[in-house]
Amino acid sequence: MRLTVAAAVALALAGCASFSPDGGFDKVGELTKERNGQPTLVRSEADNNIVSSRVAELLKEPLSADGAVELAYLSNRGLQASFSELGIAEADLVQAGRLRNPSLSFGRLSAGGMVEIDRSVMFDVLALLTMPAAKEVMQRRFEQAQYSAAFEAVGLAADVRRAYYGAVAAQELVKYYQRVMDAAEASSELAKRMLEAGNFNKLSQMREQAFHADATAQLARAKHRALAERERLTRLLGLAGEQLAFTLPGRMPDLPTEPLEPKDAEQTAMDRRLDVLMARRSAEATAKSLGLTKITRFVSVFEAGYQNKNQTGETRQDGYELRLELPLFDFGSARFARAEATYMQALHRAAQTAVNARSEVRESYAAYRTSFDLARHYRDEVVPLRKRISEENLLRYNGMLIGVFELLADSHEQVRSVTGYIEALRDFWVAQTNLQTALTGRAPGAGS
């Protein structure tokens, strides 16, 4: 009867801890949705079919920045691997809420026709007493795993946006470098024919030839950069096979009318940045772990159980057994010192993370405003001015006041101003991504 009651108690305690239906992913989705979109956890064949259908739908049209982030959330296997940490943390949490299995011992001795049988069932009483504290420690770690998963998702989204703007800009730059190449070929061919006709000197012809050679090298570098940027984006999106034929827009997004003016930016980072929140959770979890270490400092083993003994010709003897670890050689000072050092380490890391976050917000905003002002300067001043100069030179050419080589050289300068604007526009969108990441996600320079 006693054995049955003990087993029933153990089963009841074990039944108190169970896995959640969503595996803790709802919290991850909530954290990432308000920052950079809703990720998807793929755990079954049905989930995989839904993902494949949505990926195919997204790939039918030229990708936008938001579409690229959604695509990465669906297809990036590295992100799905990081989500598996949630399952590991939840398993530890459930395990912490369950009593250890009892141990059963059986002994039989015989001599001279006499038989002695010993039986005992032992339960870990210390684990039962410390279960609430241990479960609270694991609950903190599970919450930290949720923040860590959201941290990886937000970091991937930022990487995708940076790679997206880089790929679109590089693709657009190839088009303009091709125009420079066309102008260089025309001027080089014309100079060669005029030299053969005796209407051009050798030095001027070599200058046009050098211009053509330089334009050829620039175009080759631009094409390679476009390929490299596209492949970088492809890796982040997690695409392969037929999916590699995805298309990008033909030009960069336009510059906003006005720049962002975030209010209380540093406080926003303290309240919402995931790496700051993770550092706080880590310090809290370590503090709880330190409390548990204090509880078990002197006694780390305490078991109790039922015992009986049978002997030939004698009445069965019933009783109980206690098993206690005596702190004669190890008083737990090393474990306690280690726990204290770990807590101080977590505390200092949390403080340094907060200092870094404030600094990164200030730096990211300065870069954002600089890139916005520079892109606006190109858009409103440099490009229109070069266009007016080109129109004036065309009029002068039509009036035979300048030659064709001066007109082609001016075309080259006009294209250079346009490429400068494209690069400034790319830098602005990257800077805006870094600013948003610094405010609510993670350090802008942190890799996934």
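**Figure 1. The whole protein, with 41% of its 448 residues counted as buried.** What you're looking at is a predicted model. The protein is built from 12 helices and 4 strands. Now take the contacts between residues at least 6 apart in sequence: 79% of them join residues that are at least 24 apart.

**Figure 2. Helix 4, mostly covered by its surroundings.** Helix 4 runs through residues 65-75, and 9 of its 11 residues are buried. Which ones? The buried set is Ala65, Gly67, Ala68, Val69, Leu71, Ala72, Tyr73, Leu74 and Ser75. As for what does the covering, the list includes helix 2 (25-36), helix 3 (45-58), helix 5, helix 7 and helix 8 (202-237).

**Figure 3. Helix 5 against helix 7.** Two of the helices that help cover helix 4 also meet each other here. To describe two packed helices, you give the angle between their axes and the distance between those axes. Helix 5 covers residues 77-96 and helix 7 covers residues 131-196; their axes come within 8 Å and cross at roughly 175°. Since an angle over 145 degrees counts as roughly antiparallel, that makes helix 5 roughly antiparallel to helix 7. Sort the residues of this contact by type and you get 14 nonpolar, 3 polar and 6 charged.

**Figure 4. A cluster of aromatic rings.** The structure holds 6 aromatic pairs. Zoom in on Tyr164 and Tyr165: their ring centres are 5.5 Å apart and the planes sit at 75°, so this pair is edge-to-face. (The cut-off for that label is over 60 degrees.) Both Tyr164 and Tyr165 are buried. Ring pairs also tie these two into a cluster with Tyr365, Tyr368, Phe372, Phe428 and Trp429.

**Figure 5. Leu439, a buried residue in helix 12.** Helix 12 spans residues 404-440, and Leu439 is found in it. Is Leu439 buried or exposed? Its relative accessible area is 8%, and buried means under 20%, so Leu439 is buried. Skip the neighbours within four places in sequence, and Leu439 is in contact with Pro262, Ala265, Thr268, Ala269, Arg272, Arg273 and Val361. Tyr365, a member of the ring cluster, is 74 residues from Leu439 in sequence, yet their C-alpha atoms are 9.6 Å apart in space.

**Figure 6. A charge over a ring: Arg230 and Phe246.** Here the charged end of Arg230 sits over the ring of Phe246. How far is that charged end from the ring's centre? The distance is 4.0 Å.

Note on methods: Residues are numbered from 1 along each chain as its sequence is written. This is a predicted model: local features need pLDDT of at least 70, side-chain atom pairs count only at pLDDT 80 or more; totals for chains, interfaces and linings use all residues. Side-chain values use heavy atoms; hydrogens and water are left out. Rings of Phe, Tyr and Trp (its six-membered ring) pair if their centres lie within 6.5 Å; planes under 30 degrees apart count as stacked, over 60 as edge-to-face and the rest as tilted. Buried means under 20% relative accessible area, exposed over 50%, partly exposed in between (1.4 Å probe, protein chains only). A charge sits over a ring if NZ of Lys or CZ of Arg is within 6 Å of the ring centre and within 35 degrees of the ring normal. Axes are lines fitted to C-alpha atoms, for helices over the stretch in contact, and angles run from 0 to 180 degrees between N-to-C directions. Angles under 35 degrees count as roughly parallel, over 145 as roughly antiparallel, 65 to 115 as roughly perpendicular and the rest as oblique. Ala, Val, Leu, Ile, Met, Phe, Trp, Tyr, Cys and Pro count as nonpolar, Asp, Glu, Lys and Arg as charged, and the others, Gly among them, as polar. Contact means heavy atoms within 4.5 Å.
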